[in-house]
Amino acid sequence: GVMCGGKNADKNWNQSLLLATTVVSRSDVRSMSVCDAGMKAVSYDSGPPSVFPHGEQFEYSNGGDEHGILRMQGGGNEGLPHVGERINLIPGHVDPTMNLHDWVCMTRGDRVEAVWPITGRGAGH
């Protein structure tokens with residue numbers, strides 16, 4: 001879980017926002033996988049996202065507007081995700097990341113329980 005500061009500093013909290021992305025390419029020659037979440041999907045103003053739940057295994061870097069690059073910490077290909085695998089990201093800054101999307105899916109386990117519109121999305125809202 002994530003530690004919360006302030007009056008709840010002694011409580012453990014679970015990660016509540018994840019950005020689902022899919023691996024669209026993998027290159028063993030370059031020791032990297034490419035996912036479909038770039039700068040148009042996640043804000044970088046507080047740094048790149050981390051991979052959930054295995055962030056210490058992966059290094060995520062900017063692959064442009066539409067893509068993100070995943071590499072194994074320390075290099076190599078073992079454990080690198082394959083094409084079609086779903087990867088969850090933890091945004092470095094939630095507010096500007098939410099501003100990039102029209103909808104948020106509320107899930108419990110693997111089940112989508114609700115889909116909420118992001119009505120304050122975009123400039124000037």
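**Salt bridges, strand S4 and a pocket**

Biologist: Which residue meets the side chain of Arg108 in a salt bridge?
Modeller: This is a predicted model. Side chains of opposite charge can pair when their charged atoms come close. For Arg108, the N to O distance in the salt bridge is 2.9 Å, and the partner is Glu113.

Biologist: Is Arg108 buried, partly exposed or exposed?
Modeller: Exposed means over 50% relative accessible area. Glu113, at 42%, counts as partly exposed. Arg108 has a relative accessibility of 61%, so it counts as exposed.

Biologist: How many salt bridges are there by this rule?
Modeller: The rule asks for a side-chain nitrogen of Lys or Arg within 4 Å of a carboxyl oxygen of Asp or Glu. One of the pairs is Arg108 with Glu113. Another joins Asp28 and Arg26, with 2.7 Å from N to O. Lys40 and Glu66 also form one, and the count comes to three.

Biologist: Are Asp28 and Arg26 buried, partly exposed or exposed?
Modeller: Buried means under 20% relative accessible area and exposed over 50%. Asp28 stands at 43% and Arg26 at 22%. Both values fall between the two cut-offs, so Asp28 and Arg26 count as partly exposed.

Biologist: How many residues apart are Lys40 and Glu66?
Modeller: The closest N and O atoms of Lys40 and Glu66 are 3.4 Å apart in their salt bridge. That pair links distant parts of the chain: Lys40 lies in the loop between S4 and strand S5, and Glu66 in the loop between strand S6 and S7. Along the chain their separation is 26 residues.

Biologist: Which residues of strand S4 point the other way from Met32 and Val34?
Modeller: In a regular strand the side chains alternate between the two faces of the sheet. S4 covers residues 32–35, and all of them are buried. Met32 and Val34 point one way, and the other way point Ser33 and Cys35.

Biologist: Which residue takes a positive phi in the hairpin of S3 and S4?
Modeller: S3 and S4 run antiparallel and are joined by four bridges. Ser27 has Met32 as its bridge partner in S4. Four residues lie between the strands of the hairpin, and the positive phi, near 55°, belongs to Ser31.

Biologist: Which residue in S7 stands opposite Val34?
Modeller: S4 also pairs with strand S7, residues 68–72, in the antiparallel sense. Three bridges hold this pairing. Opposite Val34 in S7 stands Ile69.

Biologist: What is the order of the elements from the N terminus on?
Modeller: The chain has one helix and 10 strands. Eight β elements come before the α element, and two follow it. Written out, the order is β-β-β-β-β-β-β-β-α-β-β.

Biologist: What percentage of contacts between residues at least 6 apart join residues at least 24 apart?
Modeller: The chain has 125 residues, of which 26% count as buried. Its accessible surface is about 8100 Å², with 50% belonging to carbon and sulfur atoms. Of contacts between residues at least 6 apart in sequence, the share joining residues at least 24 apart is 51%.

Biologist: Which strand gives the largest share of the lining of the largest pocket?
Modeller: About 830 Å³ of space lies in the largest pocket. It is lined by 25 residues, with Leu18, Leu19, Ala20, Cys105 and Thr107 the closest to its centre. S3, S8, H1, S9 and S10 each supply at least two lining residues. The largest share is six residues, and it comes from S9.

Notes:
Residues numbered from 1 in each chain as written. Predicted model: local features only at pLDDT ≥ 70, side-chain atom pairs only at ≥ 80, totals over all residues. Heavy atoms only, no water. Buried < 20%, exposed > 50% of the residue type's maximum accessible area, 1.4 Å probe, protein only. Pairing = 2+ DSSP bridges. Contact = heavy atoms within 4.5 Å. Areas by Shrake-Rupley, 256 points an atom, 1.4 Å probe, with all protein chains shown as cover. 1 Å grid on protein atoms, 1.4 Å probe; cavity = no way out; pocket = protein on both sides within 12 Å on 5 of 7 lines; lining within 4 Å. Points joined across faces, edges and corners; volume = space filled by probe spheres on them.
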